[in-house]
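I opened my notebook to write down what I looked up in this one. Short entries, in the order I went through them.

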Amino acid sequence: MAFFFFFLLLLLHPATSSSAAADRPPSPGYWPSTRFHPMEFYRSFRNLWGPQHQGLNQNTLSIWLDRFTGSGFKSLRPFRSGYFGASIKLQPGYTAGVITAFYLSNNEAHPGFHDEVDIEFLGTTLGKPYTLQTNIYIRGSGDGQIIGREMKFHLWFDPTTDFHHYAILWHPKEIIFLVDDIPIRRYPRKSATTFPLRPMWLYGSIWDASSWATEDGKYRADYSYQPFVAEFTNFKAGGCSAYSPARCWPVSASPFRSGGLTRQQQNAMKWVQSNHLVYNYCSDNERDHSLTPECWQ
């Protein structure tokens, strides 16, 4: 009998290990975050709003939302391309209606006609996963009549138990979103009208978006769970600032100086999109795709 159970354990163990491995993305083979040094928060950013809802402890920034206000921060310099990353840990439990964001924007320089590149964590209800939303607005498509370019993911890990690194690589030829150095989305430049080209600043924030954030506004922020806290650390930003000389060479997400992804990185991205993509605006038949020509170009 003992031999039988030992034999059964041998049969089950490989299957268990294989199952665990199958729920992790394959190695990208290249880790762009290692090319950039961490930044001290107050040397690179300033408070934008809600200063009483920010706290810094050994370069880990906590920002929080309660029924009175949220909080946000902004980089001191604008950029025209670069790598922008931070390690972020989210609040567990009921967070419906709450947005934690890390993004590029020039909305203050171009109000009503701005560009924006977003990583947003859409709050959730008990027992359901966070949604990571990537989005791009070009020349006012986020103002007035909203024309979003959303791709949404459920992550292959719990983003509330530990810090994970989230990044935007903005190159003149492409935008690449990364999670722990795994590319999850590549948005190529197909025309000047569908790609952000003007300098942008780097922002982070937490705020109440109850009208749309969780299941299209079905669930709203419940302030009996306040404060809602997000933690940021390991800030990284490098590339060409708006003040860099014209000869400044844009950084890449791959070993290729000209940009793009290696085959191994493409395979890792394909795995993520095959297993964890939950919404793609180009596949939404209810959208007017004449407004998003990159979907069919």
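A polar contact is a pair of N or O atoms within 3.5 Å; within protein, one of them must be able to donate a hydrogen and the other to accept it, and residues adjacent in sequence count only if both atoms are side-chain atoms. I also note that I'm working with a predicted model.

**Entry: Arg 149**

I started with Arg 149, which sits in the loop between strand E8 (131-137) and strand E9 (151-153). Is Arg 149 buried or exposed? I looked up a relative accessible area of 3%. Buried means under 20%, so Arg 149 is buried. Next I checked for a polar partner: the side chain of Arg 149 makes a polar contact with the side chain of Glu 294, at 2.7 Å. Then I listed contacts, skipping neighbours within four places in sequence. Glu 294 turns up there too, and the list also includes Thr 134, Asn 135, Arg 185, Tyr 187 and Tyr 281.

**Entry: the sheet with E8 and E9**

Since Arg 149 lies between E8 and E9, I looked at how these strands pair. E8 and E9 are antiparallel and share three bridges. Thr 134 has Met 151 of E9 opposite. I then followed the sheet outward: eight strands form an open sheet, ordered E1-E4-E13-E6-E7-E8-E9-E15, with antiparallel pairing. Which strands stand at the edges? Strand E1 (45-49) and strand E15 (277-280) do; each has a single partner strand, so one side of each is left without a neighbour in the sheet. Ignoring direction, neighbouring strands here are turned by 15 degrees against each other on average.

**Entry: Ser 205**

I picked one residue from strand E13, Ser 205. Its relative accessibility is 3%, so Ser 205 counts as buried. Leaving aside neighbours within four places in sequence, I found Ser 205 in contact with residues including Trp 49, Ile 63, Gly 72, Thr 100 and Tyr 103.

**Entry: the other sheet**

I found another open sheet, made of seven antiparallel strands in the order E2-E3-E14-E5-E10-E11-E12. Its edge strands are E2 (54-57) and E12 (182-188), each pairing on one side only. The twist averages 20 degrees from one strand to the next. I zoomed in on E3 (residues 60-65), which runs antiparallel to E14 and is joined to E14 by five bridges. What is the bridge partner of Leu 61 in E14? I looked it up, and the partner is Phe 232.

**Entry: nonpolar cores**

Phe 232 came up again when I checked the cores. The largest nonpolar core has 51 residues, and Phe 232 is one of those with the most contacts inside it, along with Leu 132, Trp 156, Tyr 166, Ile 175 and Phe 235. Strand E14 (residues 228-241) gives the most to this core, with five residues. A second, separate core has ten residues, among them Tyr 83, Leu 178, Val 251 and Met 269. I jotted down a reminder from class: in soluble globular proteins, nonpolar side chains tend to be buried together.

Back to Phe 232 for its contacts, not counting residues up to four places away in sequence. Among them are Leu 61, Ile 63, Phe 73, Ile 88, Phe 102 and Phe 163, but I also noted Asn 59, Ser 87 and Thr 100.

**Entry: salt bridges**

How many salt bridges does a search of the whole structure find? The count is seven. I wrote up three.

- Lys 74 pairs with Glu 108, with the closest N and O atoms 2.7 Å apart. Lys 74 lies in strand E4 (residues 71-75) and Glu 108 in the loop between E6 and E7, so the pair ties together parts that are 34 residues apart in sequence. Lys 74 counts as buried at 8% relative accessibility, whereas Glu 108 is partly exposed at 41%.
- Arg 198 meets Asp 115 at 2.8 Å, N to O. Arg 198 is in the loop between E12 and E13 and Asp 115 in the loop between E6 and E7, so parts 83 residues apart in sequence are tied together. Both Arg 198 and Asp 115 are buried.
- Lys 128 and Glu 215 meet at 3.0 Å, N to O. Lys 128 is in the loop between E7 and E8 and Glu 215 in the loop between E13 and E14, so this pair links parts 87 residues apart in sequence. Lys 128 is partly exposed, at 42%, and Glu 215 is partly exposed, at 39%.

Note on methods: Residues numbered from 1 in each chain as written. Predicted model: local features only at pLDDT ≥ 70, side-chain atom pairs only at ≥ 80, totals over all residues. Heavy atoms only, no water. Core = buried A, V, L, I, M, F, W, Y, C linked by side-chain atoms within 4.5 Å. Buried < 20%, exposed > 50% of the residue type's maximum accessible area, 1.4 Å probe, protein only. Helix = DSSP H or I, 4+ residues; strand = E, 2+ residues; numbered from the N terminus. Contact = heavy atoms within 4.5 Å. Pairing = 2+ DSSP bridges. Axes fitted to C-alpha atoms, helices over the stretch in contact; angles between N-to-C directions. Salt bridge = Lys/Arg side-chain N within 4 Å of Asp/Glu carboxyl O.
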